[in-house]
Amino acid sequence: MRRKASILAFTFLIAATGCKKSFLDVPPQGQPAETQFWQTEADATKAVNFIYANLRSWTEVAFAPIALESLGSDDTETGSDPSDGSVPFMNMYDQFTVTSTQGQLSDFWNGRYFTINLCNQVLDNVPGIQMDASLKARYLAEAKFVRAYQYFRLVRAFGDVPLRLKVPEEAAEFNIPRTPKAEVYAAIENDLTEAAAALPQSYSGNDIGRATKGAALSLHAKVAMYQQKWNDVLTLTNQVKGLGYSLFPNYEQLFRTNNENNQESVFEIQAEIVQGNPAASNSQYSQVQGVRAQVGGGWGFNVPTQALADAYEPGDPRRDATIIFRGETTPEGDPISASAPNPMYNQKSYVPFSQYVTGYNEGAQQNIRVIRYAEVLLMNAEAANELGQTDVALASLEQVRARARTGAAAGVLPQITTTSQQELREAIWHERHVELAMEFDRYFDVIRQGRAKEVFGPKGWQENKNEVWPVPETEIEKSAGVLTQNPGY
């Protein structure tokens, strides 16, 4: 059963991070003064709820994440239509021609630090509030999880970044240099270790959708994977495997709104249409990627490439569950125009057109899947293979392939049986590619695997430069040179 967390109820501050294309500037009348806040348990609840509400804002799920976390890969291209003025600057990320002055860099950078600041405010102020001790511990753990998630996104995108673990109080604390990425990773892992120790295994009722122990352990495994800490990855994913998750039986239906927060969901960003309040119903994740020029569709950015369509094994049902093709009728019965501006669209961000509500962003009610149990199994398989535990790797890999082949013709997606470490490594990488396609992981996956020059070189990717994006020039200027630029930019 799909449930939405009570985090949706806290909306009075949402205008601070509203969408860019329809920005809502609401004056602060009626908001409590800072000196009056951080007094009660209710204040703590509002502050933590706002962290979650902010996760569906423009800089968290729309253009900047698409630009920095998706368009560099071989799976995606800008899409949309040449008449849209956003196409030229989004193409810069797809073609690796972006310079340090391009605005999406600042949006991504500032968006992450805005959320980190919200987390730091909770972590600085909630300890002093007289309130239920167990709830306080949980709130602090939730803030640490979200902070770790934001720093992971930053360190993948930029490498060394300023590490702020508290709200600045003195002048010297405002303008700080970039912290070596190893130290940033250590801080991320510390946050996740502490979060996992305090977070519950599951929630009920209106709390469903909040960060859990499984979410903290899974994100920690992913962070460890990027550092090739294979023993840690295996240990952490084994812990998650013991928490009761399982794969949702129907891959295509896994991404529909009726099946949100299901047994495969480890962490989802919660979104909902709040009747009578379009400003609070502000997610544009589905809208910016929806089928262009159709009512209930969207703007048509971040579209699949032919290379992605060709990456699937013959008959793999995930191909049609991941890609909406021009001229098809979706499983939900929506006919896609044969004259749609792009040949393909992202089916994982698709919300059936019948669910469109006039006056709201298209697809505003769709949760964003951040971590799925399928990825936990694939991380477990990769770590086991790197550590020479072939049987474990094959078993975890087979769970993912078995779900994928459900309902397919005989012989589709045969079981992998190789005992060659290199062949199995490549098979696991392939499985990550097709299982997680269009979920904003492919670009950084290929880089961490050491294959970026081979895979992205034809697009213009350059070694010793494009492993990271440029630090926004506006941030370097504001720092008076305390911040430095990445090589090659």
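**Close-up views of a predicted model**

**View 1. The pairing of strand 2 with strand 6.** In strand 6, R372 is the residue that stands opposite S265. The model shown here and in the following views is a predicted one. Strand 2, which spans residues 265-269, pairs with strand 6, residues 368-372, in the antiparallel sense, and four bridges join the two. Strand 2 is mostly covered, since five of its five residues are buried. In a regular strand, the side chains alternate between the two faces of the sheet.

**View 2. The surroundings of S70 in the loop between helix 3 and strand 1.** The loop that holds S70 follows helix 3 (63-69) and leads to strand 1 (76-79). S70 has a relative accessibility of 5%, and because buried means under 20%, S70 counts as buried. The side chain of S70 makes a polar contact with the side chain of N302, at 2.8 Å. N302 also appears among the residues in contact with S70 once neighbours within four places in sequence are left aside, the others being P65, T76 and F440.

**View 3. The surroundings of A216 in helix 8.** Helix 8, the element in which A216 has its place, comprises residues 213-226. The relative accessibility of A216 is 0%, so A216 counts as buried. When residues up to four places away in sequence are not counted, A216 touches F145, L192, A195, A196 and L199. For T59, which is 157 residues from A216 along the chain, the separation between the C-alpha atoms of the two residues is 22 Å.

Notes
Residues numbered from 1 in each chain as written. Predicted model: local features only at pLDDT ≥ 70, side-chain atom pairs only at ≥ 80, totals over all residues. Heavy atoms only, no water. Buried < 20%, exposed > 50% of the residue type's maximum accessible area, 1.4 Å probe, protein only. Polar contact = N/O pair within 3.5 Å; in protein donor to acceptor, adjacent residues only side chain to side chain. Contact = heavy atoms within 4.5 Å. Pairing = 2+ DSSP bridges.
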